[in-house]
Amino acid sequence: MTDKTNPPGKPAKDGAGLEEARLRQQAIGVKLRHMFDEVVNEPVPDEFLDILRRADERSGGGGA
């Protein structure tokens, strides 16, 4: 007989496999958080700030 719970080409998900998957997901999460932090901490280019100021002026929001 064949094992119907584990189709061919798909490895069994035992405890070690699940732990490996969790560790992989955790490592991906750490790297994504690091990348996000780098992007958030980058300075905003002056040209972009000028565009935002002009848009605020046109919409009448002018201000803080």
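## Exercises on a two-helix chain

Glu19 has a relative accessible area of 38% and is therefore partly exposed, a class that lies between buried (under 20% relative accessible area) and exposed (over 50%), judged with a 1.4 Å probe and protein chains only. The model is predicted, so local features need pLDDT of at least 70 and side-chain atom pairs count only at pLDDT 80 or more, while totals for chains, interfaces and linings use all residues. Residues are numbered from 1 along each chain as its sequence is written, and side-chain values use heavy atoms, with hydrogens and water left out.

**Exercise 1.** State how many helices and strands the chain has, and check the span of H2.

*Solution.* Helices (H or I, at least four residues) and strands (E, at least two) are DSSP runs, numbered from the N terminus; the chain has two helices and zero strands. The expected span of a helix is 1.5 Å times one less than its number of residues, so the 14 residues of H2 should span 20 Å, which agrees with the 20 Å between its end C-alpha atoms. After H2 comes Gly60, whose phi is positive, near 80°.

**Exercise 2.** Find the salt bridges and describe the partners in each.

*Solution.* A salt bridge requires a side-chain nitrogen of Lys or Arg within 4 Å of a carboxyl oxygen of Asp or Glu, and by this rule there are three.

- Glu19 pairs with Arg22, with the closest N and O atoms 3.3 Å apart; because they are three residues apart in helix H1, about one helical turn separates them.
- Arg24 pairs with Glu20 at 2.6 Å between the closest N and O atoms, and these two residues are four apart in helix H1, about one turn of the helix. Arg24 is partly exposed at 48% relative accessibility, as is Glu20 at 45%.
- Arg53 pairs with Asp50, with 2.7 Å between the closest N and O atoms; they are three residues apart in helix H2, and therefore about one helical turn separates them.

**Exercise 3.** Locate the nonpolar patch that includes Val44, and place this residue in the chain.

*Solution.* Patches consist of residues with over 30% relative accessible area and no salt bridge, like charges being joined within 9 Å and nonpolar side chains (Val, Leu, Ile, Met, Phe, Trp, Tyr) within 5 Å. Val44, Phe48, Leu49, Ile51 and Leu52 form such a nonpolar patch on the surface, with about 410 Å² of accessible area together. Val44 lies in the loop between helix H1 (15–40) and helix H2 (46–59), and its relative accessible area of 43% makes it partly exposed.

How values were computed:
Areas by Shrake-Rupley, 256 points an atom, 1.4 Å probe, with all protein chains shown as cover.
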